[in-house]
Structures are given as C-alpha cells and as structure tokens.
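Colleague: I have a model open and want to go through it by region. Please give the reasoning first and finish each reply on the value or name I ask for.

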Amino acid sequence: MPPSLNLSQWWAKEACRGTPVVVTVENPNYSVVEIDGPEVAAFQSMDKGRGKNARQFTWVMLLKAHRAVGCVAWLAAGLWALLGAIKKRLISRQGVAVESDNLGKGKLLFGFLRGFLVLSLVMLVFEMIAYWNGWHFQKPNLHIPETTEIRGWMHSAYLSWLSFRADYITYPIQAMSNFCIILFVIQSADRMILCLGCFWIKFKKIKPRIEADPFNSDEQEGSKYEYPMVLVQIPMCNEKEVYEQSISAVCHIDWPIDRLLIQVLDDSDEETIKILIKAEVSKWSQRGVNIVYRHRLVRTGYKAGNLKSAMSCDYVKDYEFVAIFDADFQPNPDFLKRTIPHFKENPELGLVQARWSFVNKDENLLTRLQNINLCFHFEVEQQVNGVFLNFFGFNGTAGVWRIKALENSGGWLERTTVEDMDIAVRAHLSGWKFIFLNDVKVPCELPESYEAYRKQQHRWHSGPMHLFRLCLPAIITSKISIWKKANLILLFFLLRKLILPFYSFTLFCVVLPLTMFVPEAELPVWVICYVPVLMSFLNILPAPRSFPFIVPYLLFENTMSITKFNAMVSGLFKLGSSYEWVVTKKAGRSSESDLLSGAEMESKPVNQPELLRGVSESELMELNKLKEQEKEALPPVKKANKIYKKELALALLLLTAAARSLLSAQGIHFYFLLFQGLSFLLVGLDLIGEQMS
C-alpha cells in the first residue's frame, strides 16, 4: 500500500501555543467562549486542516522552488559570464594584453608554477584511474596488497607510488607544513595582540591631546611661536588627473600667508602636463598665495630625489616644519592647526602623522577590499604602535616633520623606493618620537584598477626588504635599547614584511595543493578555515560597513599573496624589480570640501591674461590649445584588460587540487580550493576591478 499523502495529520502534530478561543458571532453582539479540555484537540485539528490545506502547501512549495530556481539561475548566469570572459580573453584575445615577464625572477616563478601545474594534472589523471579501478588507498586505512593481489603493471606502478610518497615525500611536505603553521600562529598572535591594544585604546580613550588651543589665546595669537614657519611640499610626476585639486586644497590651508610656503615639486616629463601645472601655480600665486613651482633638470632618485632637491634650497633654513602631501591628497583647511600644536613643549617629537580617508572607497569591489586593509593598518597597527612605542612607518604623505629631525637623521636618501620608511627608521634610531592622529583625516584616492594596485603593492613589499638589507647593520650597532632593536628586526621587518607574504603563498598556494596529492601529509582544518576567518573578522572590525565583503576579502588576500611574495623575494635578494617605481594611476576623484571650495573660487571673476602672466607666450598658446581640446567631446578610450599568467597558472593548480579533494571526500578543503581557485581566475583575467554597485 502506498504511503498516505494526507498532510493534515502532520500539521496537527504541532504543539499548542496559548489558550484556544472560539468566537461566535451573534449579530449584532459578539460572545467569546473559552474552551479548555479534551475538546481542544478537536478544534485544533479542524483549524489546522482548514488553515493549511494541500493547495496552500503546494503554493508554498512552488514559492520555495521559485527561489531555488532563481538562485541557480543567478549562479548559472555568473558562471556563463565567467566562461564568456575566459573565451574572450584567453581564447579570442579580444582587448587584452598579456603580462610580460621580462625579468629572470618572473620567468623562474612562472616556470615553477607551470611545472607544478603539469605534474598535478598528471597526478590527478593517475589518481582518477586508480579510484575508478578500486585501487584508492589513503590514510588511515592504507592497505598495501601482497604480490599475489597485484593486477597489471599500472596497479604495480600505483602501489610503488604509494610506497614512495609515504617514505620520501610525506616527511618534507609535513615539515614544510608544520613550519608554515608555526609562522601562521605567530603572525596571528601578533595580529591578536594589536587588536587587543586597539580595544584598550578605545576603552581608555587614549589619544594624543593638546592641553590648550593656542590659536584661541588672545595674548599669544599671532606670535611667532604659535604660528611657526611651515613649508608644504607637493611632490608629483605626470599627475594630470589630480594636480589641480591637490594644489587647490593645499592653498586653502588656514595659516598666516607670511608664515607658509608651498612648493610644487613637479617631476613630470611630459611638456603639456608641466605647462598645466605651472599655469595652476601661477593662478594661485596671483591670488596672493605664497607658492613656488620647481622642476628638476636631472630626475634621479624618484620621490626621494625630488624631496632631497627641494630641501637643499637656501630658504628652507628659515622654516621649522615641513608638511608633505602626495598629488592626490586634499587636506582640510584646519590641517596645520590640528597637527603643529603637538610639537609645542615636546622637543623629542619628530613626526606627526595623520590618517588617510578615501573618496572612492565604494567605487568597485577592489576599492572596498583595499579600504578594509588600510583601515586596519591605520586604526590598529599605526595607532597601537604610536601609543605604546612612539614609532611606526611614515606613510610618505599627510604628515608633518620637524626639519631638524630630518636633518639629524641624514635627510632623504635615494637608496630604496620606500624613502618614507627609510627616514622613519633612521629617525627612530636617532631617538625621535612619532605621534599618530587617528582623528585627523586627509582625503585621497585608492587605485581603481587591479594593474595599478598590483604595481603599488609590489613597491610596498619589495622596498621594505631592500631597506632591511641596507639598515640591518645600523640597527644592530645603534644606541637604542635592546627591546627597540628586537621590535624593529623581529616584528617591524621580519614578521610583518617577510613572514606574512612567505607563509601566505607557501601555505595556501603550495603546501595545500600538495597535501591533496599526498594525503599522508595532513593540514589541519583550523589552519584552512577557522583561524583565517577569525583573522579576517578582526581585520574588518575597523571598517564595519564592509562586513558583507568578509569572504571576498579573505579570498582576495590569499590571492594577492603571489604578488607580495614575488615582491618580497625581489627586494630581499636585490633583483631587478626591487628598485622599480611606477606612479600609481589616479582617476581624479574629489572630496566634497574640495568641490565646494573649487566652486567658490570659480564663482569669483578672474582676469585670464593677468592670471597667467607668469607663463611665457608660447606656453600660454599651448595651454589654450589644450583647453580647446578638452572642450571637445572625445570618445572615451576603452580600457585594455590584462591577463596574468602566474595567477592563471595558480588558478588551474588550485582547481586541480580541488578536483583531487573530491576523491578524498574532504569537504572543507574542496570548497576552499574551489573558491580560492576561482578568485585567482578572476584576478588572472583582471575582473576584480570591474564596477560593482
């Protein structure tokens, strides 16, 4: 007899909630009768059967099926779009450019990944054949058959492979795995301690404070001490998109004109950009701003050489402090009034660093993920180190230096591409203290394309290792305390600049795929899942609005490990790309305050010929031609996407390891490898920076 399909009995099994009440309508009056006793079950059964019949149940099931079909359709559409992008970019090569690996280290790493991929594909085929023939043996039930049980040469080869990997391959992989796990635990503990320090700062409300506002004191207002001589420098190089808004924001800083000098340090090599920047400087000079334009004839040393050349001017000796802003930074008018007073009665203070804020953090998925990283860097790392150690790495911009501290530390040096970290380390070795102001924010831009972000990260991770090679003897022989030396060597350089990219790449991109093909070497689940999720949760706390992106953030951080590892190796061993500087491409985003001030200045009548009298006649003609060209509506140039061979090779490697994990029925490993492989695929096809609403 087939089972009964009457669902009323199943619904009637639900527990009774509350006191049953029967309402009888006697027009025009109402009477309420409360029923309690054995009759309750009859009424409940009748109500349930009447309230949820088979037709309503069918509609509920149809709605749930509709939602499930919609979810499947969404996933299918995403997969179809991904396959279309793969076909367009990898097969048809439409509108894409292949990343060139001209340097030897790039070819070496790509060759290693390609060989690893080919070997994994061969092993996957071998394992699948063994699986379908019933020869699949793995730990803990590893059964080596006797000679009489061996069937054929392939079976014999598979058994030989089992013995070989158990005797010779398992131990080195397990040793490497244990070593990476130790580094992973140490780095996670350091991250946890930083977070606890940040929580303590928030709980105790610890922050650098100014005892009294010197600018509201009637008897001291306008005195030379309250308004010291300040030099503001804006280094730039071919910054066509952002030069105007940056110069405008700096010129609006609230400080006495006679005690402020602005240097526009232009390293541009394009004549049209030089003319535009020079005209912008002339415009503000005509409005009474004390601003000068400098351009080097010998452009060496990148940004460090530019700043060093500017500090060599004779008039710099008249100034006490120097504020530095990169070309995309737009400081608020009260920036100097909120930073300079911290130097008062604190002669050991050499640097006051402000926090960055981002005008385009919600532009696309890439900028959202960058915002998570940088919020943690400023609010946790720099704030904790500033409060408890009085030391952190200078960010190269949005900071005020005491010029005496710069000179005492040796000035700007051109030996690395991280001149900001270089001068910070040397100032710390000389005994100067730093202050980080978390509540003083300077708007700036985030790279909106993966190519720009990748080059920026390469410079940020190769430079510190190059610097570590150069300054290690100076750290060891310095006169600072032993615990400060240990902090610089073990934490600042080794743990956060070398160990982090090393174990991220080795553990998740090399060891994890290997353990899929050598199951005797185990990798704990908490290393793959629980601890990374916890660390990602801690990283995202300073940016709580980004919590929905915690999973893409975790995957993207592991995806970027190959770029960071590559940069770390090139800097540590002083390879060709360790002294490579590529200016980060800007989009020209403006903050709200900058737009308002710009609109206010545009509303004032300006005499154009008088405004540009500092520019030569030929340059003025060229400037007019440029403005006429900008007025013409030119069609936008379509961005040429790039494909990255190393990322694509790793994507295929991880997807192959995910397929192998299915044979071992390792669920968490499969999902991690699958999603990590897809994230590498998205990055390899340069899809991570696509617009996202």
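## Questions on the model

Colleague: Where does D686 sit in the chain?
Modeller: This is a predicted model. D686 lies in the segment after α22 (667-684).

Colleague: Is D686 buried or exposed, and what is its relative accessibility?
Modeller: Phi of D686 is near 60°, a positive value in a residue other than glycine. The cut-off for buried is under 20% relative accessible area. D686 counts as buried because its relative accessibility is 5%.

Colleague: K205 also has a positive phi; is K205 buried or exposed?
Modeller: K205 is not a glycine, yet its phi is about 55°. The residue belongs to the loop between α5 and β4 (230-236). Exposed requires over 50% relative accessible area. K205 has 63% relative accessibility, so the residue counts as exposed.

Colleague: Which helix holds Q187, and is Q187 buried or exposed?
Modeller: Q187 is found in α5, which covers residues 152-204. Its relative accessible area is 6%, and the cut-off for buried is under 20%. Q187 of helix α5 is therefore buried.

Colleague: Which residue makes a polar contact with the side chain of Q187?
Modeller: Leaving out residues up to four places away in sequence, Q187 touches L495, L500 and Y503. A polar contact of 3.0 Å links the side chain of Q187 to the side chain of Y503.

Colleague: Which residues does UniProt list as "transmembrane region"?
Modeller: The listing comes from an unreviewed UniProt entry, and such annotations may be inferred rather than shown by experiment. The entry gives residues 65-86, 107-132, 168-186, 488-517, 523-541 and 648-663.

Colleague: What is the distance between the end C-alpha atoms of residues 488-517?
Modeller: In the model, residues 488-517 are 100% helix and 0% strand. The end C-alpha atoms of that span lie 40 Å apart.

Colleague: How far apart are the end C-alpha atoms over residues 523-541?
Modeller: The chain over residues 523-541 is 84% helix and 0% strand. Its end C-alpha atoms are 28 Å apart.

Colleague: Why does the end distance of α17 agree with that of a helix?
Modeller: Helix α17 covers residues 561-572, twelve residues in total. At 1.5 Å a residue these should span 16 Å, and the end C-alpha atoms agree because they are 16 Å apart.

Colleague: How many residues of α17 are buried?
Modeller: The buried residues of α17 include I562, F565, M568 and K564. Just after α17, K574 takes a positive phi of about 55°. The helix is mostly covered, and the count of buried residues among its twelve is ten.

Colleague: Where is F325, and what is its relative accessible area?
Modeller: F325 occupies the loop between β7 (321-324) and α9 (335-339). Residues up to four places away in sequence aside, F325 touches V232, Q233, I234, P235, V250, I253, P331, F335, T397 and A398. F325 is buried, and its relative accessible area is 0%.

Colleague: How far apart in space are F325 and I247?
Modeller: In sequence, F325 and I247 are 78 residues apart. From C-alpha to C-alpha, the distance in space is 9.7 Å.

Colleague: Which residue of β9 is the bridge partner of A323?
Modeller: β7 and β9 run antiparallel and are joined by four bridges. G399 and W401 point one way from β9 (residues 399-402), V400 and R402 point the other way, and all are buried. The bridge partner of A323 in β9 is V400.

Colleague: Which residue of β9 stands opposite L351?
Modeller: Strands β8 and β9 pair in the antiparallel sense over three bridges. Opposite L351 in β9 stands W401.

Colleague: Which residue of β10 is the bridge partner of V352?
Modeller: β8 (residues 349-358) and β10 run parallel, joined by nine bridges. β10 (residues 433-444) is mostly covered, with nine of its twelve residues buried. The partner of V352 in β10 is I435.

Colleague: For the whole protein, what share of the residues is buried?
Modeller: The secondary structure comes to 22 helices and eleven strands. About 35600 Å² is exposed, with carbon and sulfur atoms supplying 61% of it. Of the 693 residues, the buried share is 49%.

Conventions. Residues numbered from 1 in each chain as written. Predicted model: local features only at pLDDT ≥ 70, side-chain atom pairs only at ≥ 80, totals over all residues. Heavy atoms only, no water. Helix = DSSP H or I, 4+ residues; strand = E, 2+ residues; numbered from the N terminus. Buried < 20%, exposed > 50% of the residue type's maximum accessible area, 1.4 Å probe, protein only. Polar contact = N/O pair within 3.5 Å; in protein donor to acceptor, adjacent residues only side chain to side chain. Contact = heavy atoms within 4.5 Å. Areas by Shrake-Rupley, 256 points an atom, 1.4 Å probe, with all protein chains shown as cover. Pairing = 2+ DSSP bridges. Expected span 1.5 Å × (residues − 1).
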